[in-house]
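Student: I have a structure open and would like to learn how to read it. Where should one begin?

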Amino acid sequence: MKFKLIFTTLLATTSVLSASAQYDAAVPQNGPVSLDSCRAMALRSNKQLMISRQRMTTAHYQNKEAFAAYLPSIDFTGGYAYNQRQIALLGEDAMLPTKSFDPATQSYQYNIVKNPMTGEPILNNGAPIPSEVAVIPKEAMTFDTHNVFFGAITLTQPIYMGGKIVAMNKLTKFAEQLAGQLNIREAENVVYAVDAAYWQVVSLKAKYKLAKSYVNLLDTLQHNVQLMVESGVATRSDQLSVDVKLNSAQVDLVKVENGLRLSRMALAQVCGLPTSSTFPLADEDSEDVMVPTAESLGGYNMEEVYNRRPDIRALGLASDIAGQQKNVARASMLPNLALIGAYSFSNPNLNNGFEKKFGGGFSVGVALTVPIWHWGGNYAKYKAAESAEVISKLELADARDMVELQVNQAAQHTQEAYTTYEMTTVNLKKADENLRTATLAYKEGVATPDNVMEAQTAWLKAHSEQIDAMVNIRLCNTYLSKALGTLTY
């Protein structure tokens, strides 16, 4: 019992240390984490991506399974049966008439009883009476079949299956490629989600710093107004206005701080880390996050876009799969031909009479199946598959139209994002100058605290709008790359 307790304690300690080591390994430890690192963590740990990769594996082995149908299959079948009764070929002893050679007729004649006077056969119920008989005892034709062992090794080689095997191989190959395209699409969705969460943290961290600066500005203004009230230059109403504004700014600071904390939890969750883990981001403390340069928007070659988009390629493969499913349905209306070889054995066996030992032999043949009449069931199945193929082609055409609209909208939103950022940059310079002028005027006594607070509010709004514009540019560029099929990760 003592040894068992020590072993259990050591096992529990090892499990805790192992879990702790795994947690420490999961959380980044080497300084700030870049956007690419967050993407890599998410791509490694995302459950939907893991499911997608398993579907790729499933499709791969289904393709190998379909290829195996080209090759001969070898099977073994064996069994044992106990029979209550034996097999008796005769119900009673059998008496068979015999023949003798007649030199006069040069042929064999039945040995029958004849009338010695007339030489005519004596009849019994209209049939001659044999003078000699050969007796076959019932026991000689009774066989012991109480215990029967049997088995067979069969080889089946398909020769012509109506094109079903070829169609299934093409179908599963398309399915494997389809799973790959869906995996790429899921990876792009994960990357976009990571980017959104990452830049949300960067945005809220910048707004948190901005909110603290705003609170400091109001705190300085409150101190100055209080001194002016004590000097009789300002009124108590001015001080109350500044106090209310300061309290409101402090509440907003708490809200931004909570939002930042929640956004960090969301980013950790997307990256596959525990939500309690926190780590600095490479862009969150940068004074001036670099905004990507605007590229030429519009004039895209849509055929190239269609070829790059994994969802469009997936729909194209789905259409190909529907076409092969139609071929599989057609195969059910065509003849099937296969070569069959077998070695069968049993105990007892009938190779040499009836022997109570194993014996068997080889057999080779062909099997032909020709569908004749199924009340239109196979034809209906084929027409349903044909209709499904038409549907898949229409879905592909509709998706291509939607992709073109999506690309144009993404390009327009990206252009608007750059225009908005340029406008917010101009507004920010004006807001900075307005705040500087208002603060100087207030110190000179030619402006009121309300004028300063209005300038501070405008300054806060201008900085906040520029942060939103910067993040919007990042997300618009990512979404445009996703729409164009050029998103790399």
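Tutor: We go from the whole chain to single residues. Keep in mind that this is a predicted model.

Student: How many helices and strands does the chain have?

Tutor: The chain has nine helices and twelve strands.

Student: What does the radius of gyration say about the chain?

Tutor: The idea is to set the value against what a rule for globules gives for that number of residues. Here the radius of gyration is 46 Å, whereas the globule rule gives 23 Å for 489 residues, so the chain is more spread out than a compact globule. The spans along the principal axes can be read beside that: the C-alpha trace covers about 175 × 75 × 35 Å.

Student: What share of the residues is buried?

Tutor: Buried means under 20% relative accessible area. In this chain, 31% of the 489 residues count as buried. The accessible surface comes to about 30,100 Å², and 58% of that belongs to carbon and sulfur atoms.

Student: What part of the contacts comes from residues 24 or more positions apart?

Tutor: Among contacts with a separation of 6 or more, such pairs account for 81%.

Student: And the charges: how many positive and negative side chains are there, and how far apart are the centres of the two sets?

Tutor: There are 43 positive and 47 negative side chains. The centres of the two sets lie 4 Å apart.

Student: Now single residues. Is Asn63 buried or exposed?

Tutor: Start with the place, then the cover, then the partners. Asn63 lies in helix H3, which runs over residues 47-68. Its relative accessible area is 15%, and the cut-off for buried is under 20%, so Asn63 is buried. Its side chain makes a polar contact of 2.9 Å with the side chain of Thr172. Leaving aside neighbours within four places in sequence, Asn63 is in contact with Asn169, Thr172, Lys173 and Glu176.

Student: Where is Gly323, and is it buried or exposed?

Tutor: Gly323 sits in helix H7, residues 310-331. With a relative accessible area of 11%, Gly323 is buried. As a distance to try on the model, take the C-alpha atoms of Gly323 and Leu221: these residues are 102 apart along the chain, and the atoms are separated by 75 Å.

Student: What about Arg330, also in helix H7?

Tutor: Arg330 has 31% relative accessibility and counts as partly exposed. Its side chain is joined to that of Asn327 by a polar contact of 2.8 Å. Separation in sequence and distance in space should be read as two separate values. Arg330 and Lys381 are 51 residues apart along the chain, and their C-alpha atoms are separated by 8.3 Å.

Student: How should I read backbone angles?

Tutor: Most residues other than glycine have a negative phi, and most peptide bonds are trans. The exceptions are worth looking up one by one.

Student: Which peptide bond is cis?

Tutor: One is the bond from Asn347 to Pro348, with omega near 5 degrees. Pro348 is in the loop between strand S11 (336-347) and strand S12 (359-369).

Student: And what is the phi of Gln106?

Tutor: Gln106 has a positive phi of about 55 degrees, although it is not a glycine. This residue is in the loop between strand S4 (99-102) and strand S5 (107-110). Gln106 is exposed, at 58% relative accessible area.

Student: What is the phi of Trp375, and where does that residue lie?

Tutor: Phi of Trp375 is near 60 degrees, again a positive value in a residue other than glycine. Trp375 lies in the loop between S12 and helix H8 (377-444). At 73% relative accessibility, Trp375 counts as exposed.

Student: Which residues does Leu89 touch?

Tutor: Not counting residues up to four places away in sequence, Leu89 touches Met141 and Phe143. Leu89 is in the loop between strand S2 (87-88) and strand S3 (94-97), and is exposed, with a relative accessible area of 53%. The C-alpha atoms of Leu89 and Ser100, eleven residues apart along the chain, are separated by 27 Å.

Student: One last residue: which partners does Ala441 have?

Tutor: Ala441 is in helix H8. With residues up to four places away left out, Ala441 touches Val446 and Ala447. Its C-alpha atom and that of Ala206 are separated by 29 Å, at 235 residues apart along the chain.

Technical notes
Residues numbered from 1 in each chain as written. Predicted model: local features only at pLDDT ≥ 70, side-chain atom pairs only at ≥ 80, totals over all residues. Heavy atoms only, no water. Helix = DSSP H or I, 4+ residues; strand = E, 2+ residues; numbered from the N terminus. Rg over C-alpha atoms; globule rule 2.2 N^0.38 Å. Buried < 20%, exposed > 50% of the residue type's maximum accessible area, 1.4 Å probe, protein only. Contact = heavy atoms within 4.5 Å. Areas by Shrake-Rupley, 256 points an atom, 1.4 Å probe, with all protein chains shown as cover. Lys, Arg positive; Asp, Glu negative; His and termini not counted. Charge placed at Lys NZ, Arg CZ, Asp CG, Glu CD. Polar contact = N/O pair within 3.5 Å; in protein donor to acceptor, adjacent residues only side chain to side chain.
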